[in-house]
Amino acid sequence: MATPSNTDSHFHIEVIKLLLQVATSDGRVTREEIDQIIDTARGFSVPLSELAALTHCLQEGKPLPPPNVGVLREHPNAVLEAVHALVTGDGQVHEAEIEMTRQIREMLGITP
């Protein structure tokens, strides 16, 4: 397995930050959403220390660090694929998740 470049690693960390924002957008985080985020992080080879720091925020009820939008804009389709997988992964798409997805598309400069 190839080691991701620093650029890829940074992008992947920012995607995970965004996914955590999406997961919390409806006021709750399901086990399925957590599992999906962890699976995505593993697939992206996100360093465990980064993932632990982010999940610590969730566990402690602390604000999540915002993702770097500039980095996310480098690969908007990959970002939307990850968001779509998360939003649909638990079998329930909530209004807040739909709105968050719309806002992400707009933030990334993608028109419907």
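Which side chains meet in a salt bridge at 3.3 Å, N to O? In this predicted model, the side chains are those of Glu 14 and Lys 17. The two residues both belong to helix 1, where they lie 3 residues apart, about one turn of the helix, and both of them are buried.

## Overall architecture

The protein has 6 helices and 0 strands, and from the N terminus on its elements run α-α-α-α-α-α. The radius of gyration is 13 Å, close to the 13 Å that the globule rule gives for 112 residues, so the protein is as compact as a globular protein of that length. Taken along the principal axes, the box filled by the C-alpha atoms is roughly 35 × 35 × 25 Å.

Of the 112 residues, 34% count as buried, while the protein exposes about 6500 Å², with carbon and sulfur atoms supplying 53% of that area. When contacts between residues at least 6 apart in sequence are considered, 79% of them join residues at least 24 apart.

## The nonpolar core

The largest nonpolar core has 28 residues, and those with the most contacts inside it are Ile 16, Leu 19, Val 22, Val 79, Val 83 and Ile 104. The elements that give two or more residues to this core are helix 1 (6-23), helix 2 (31-43), helix 3 (48-60), helix 4 (69-72), helix 5 (76-89) and helix 6 (95-108). Helix 1 gives the most, with 9 residues.

Val 22, listed among the core residues with the most contacts, offers a local view of these surroundings. Leaving aside its neighbours within four places in sequence, Val 22 is in contact with Val 83, Leu 86, Val 87, Glu 97, Met 100 and Ile 104. Two of these partners, Val 83 and Ile 104, are also named among the core residues with the most contacts inside it.

## Salt bridges

Side chains of opposite charge can pair when their charged atoms come close. In this model the count comes to 4 salt bridges, and three of them are set out below.

| Salt bridge | Closest N to O | Placement |
|---|---|---|
| Glu 14 and Lys 17 | 3.3 Å | helix 1, 3 residues apart |
| Arg 102 and Glu 99 | 2.4 Å | helix 6, 3 residues apart |
| Arg 102 and Glu 106 | 3.0 Å | helix 6, 4 residues apart |

Where the salt bridges of Arg 102 are concerned, Glu 99, Arg 102 and Glu 106 are linked in a network. Arg 102 and Glu 99 are separated by about one helical turn, and about one turn of the helix likewise lies between Arg 102 and Glu 106.

How accessible are the members of this network? Arg 102 is partly exposed, with a relative accessible area of 39%, and Glu 99 is also partly exposed, with a relative accessible area of 29%, whereas Glu 106 counts as exposed at 57% relative accessibility. The limits that matter here are under 20% for buried and over 50% for exposed, so the 39% of Arg 102 falls in between.

Glu 99 can also be placed relative to a residue far from it in sequence: the C-alpha atoms of Glu 99 and Asp 26, which are 73 residues apart along the chain, are separated by 9.9 Å.

## Glu 33 and Ser 45

Is Glu 33 buried or exposed? This residue, whose place is in helix 2, is buried, with a relative accessible area of 1%. The side chain of Glu 33 reaches the backbone nitrogen of Thr 30 at 2.8 Å. Not counting residues up to four places away in sequence, Glu 33 touches Ala 23, Asp 26, Arg 28, Leu 86, Asp 90 and Glu 97. Leu 86 and Glu 97 appear among the contacts of Val 22 as well, and Asp 26 is the residue whose C-alpha atom lies 9.9 Å from that of Glu 99.

Ser 45 stands out for its backbone, with a positive phi of about 60° although it is not a glycine. Ser 45 is found in the loop between helix 2 and helix 3, and this residue is partly exposed, with a relative accessible area of 27%.

Technical notes. Residues numbered from 1 in each chain as written. Predicted model: local features only at pLDDT ≥ 70, side-chain atom pairs only at ≥ 80, totals over all residues. Heavy atoms only, no water. Core = buried A, V, L, I, M, F, W, Y, C linked by side-chain atoms within 4.5 Å. Buried < 20%, exposed > 50% of the residue type's maximum accessible area, 1.4 Å probe, protein only. Contact = heavy atoms within 4.5 Å. Rg over C-alpha atoms; globule rule 2.2 N^0.38 Å. Areas by Shrake-Rupley, 256 points an atom, 1.4 Å probe, with all protein chains shown as cover. Polar contact = N/O pair within 3.5 Å; in protein donor to acceptor, adjacent residues only side chain to side chain.
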